[in-house]
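User: I am new to this structure. Please take a close look at the cysteines and their surroundings.

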Amino acid sequence: MSAGNKGRSTPRVVCCAIPISRAAGKVLVITSRKRPEHWVLPKGGWEPTDGVLEAAASREALEEAGVRGKITRFVTTIPSASSTYHFYELDVAALDQDWLESGERRREWVDYAEAVRRVSWKAELAQGLSLSSLAPKR
């Protein structure tokens with residue numbers, strides 16, 4: 001068992017949404033609860049009640065960012081020592097004005113380059129975002 005697993009013998013399954021406004025070409029980023037000065041993408045642990053991984057990504061986006069929309073694309077899976085991250089693009093249809101964690105987080109629409117800059121403190125998030133359909137074509 002590695003120290004990064006918080007006592008688990010297997011890595012935690014983390015589902016991450018990349019909330020996108022296709023018309024504007026922007027990504028919705030949110031502040032971290034643990035580190036309010038840092039920005040993240042909506043993400044959290046898969047729970048058995050979610051069923052499929054996409055459902056967990058969608059649920060986390062609603063709880064953490066008030067995002068309503070549709071998962072449109074699986075992006076990538078990134079394993080780390082403590083967690084396995086699964087990234088999904090979520091096309092945003094609407095944003096709730098009041099949501100579960102609205103008192104604990106801020107949210108902001110930013111362009112792709114700014115989103116990468118803001119989440120770059122967490123390598124997995126920057127890597128997942130860099131593989132999304134918003135990333136400039138090489």
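Analyst: A residue counts as buried when its relative accessible area is under 20%. Cysteine 15 has a relative accessible area of 0%, so cysteine 15 is buried. Keep in mind that this is a predicted model.

Next, the sulfurs. A disulfide needs two cysteine sulfur atoms within 2.5 Å. The closest cysteine sulfur to that of cysteine 15 belongs to cysteine 16, and the two lie 8.9 Å apart, which is too far for a bond. Cysteine 16 is therefore in no disulfide either, as its nearest cysteine sulfur is that of cysteine 15, 8.9 Å away. A search of the whole structure finds 0 disulfides. Cysteine 16 is also buried, again with a relative accessible area of 0%.

Now the surroundings. Cysteine 16 is in contact with phenylalanine 87. Beyond its neighbours within four places in sequence, phenylalanine 87 also touches other residues, among them Ile18, Leu41, Phe74, Val75 and Leu125.

Phenylalanine 87 leads to the largest nonpolar core, which has 33 residues. Phe87 is among those with the most contacts inside this core, along with Ile18, Val27, Val29 and Leu41. Several elements give two or more residues to the core, including strand S1 (12–21), strand S6 (83–95) and helix H1 (53–65). S1 gives the most, with 6 residues.

Conventions
Residues numbered from 1 in each chain as written. Predicted model: local features only at pLDDT ≥ 70, side-chain atom pairs only at ≥ 80, totals over all residues. Heavy atoms only, no water. Buried < 20%, exposed > 50% of the residue type's maximum accessible area, 1.4 Å probe, protein only. Core = buried A, V, L, I, M, F, W, Y, C linked by side-chain atoms within 4.5 Å. Helix = DSSP H or I, 4+ residues; strand = E, 2+ residues; numbered from the N terminus. Contact = heavy atoms within 4.5 Å.
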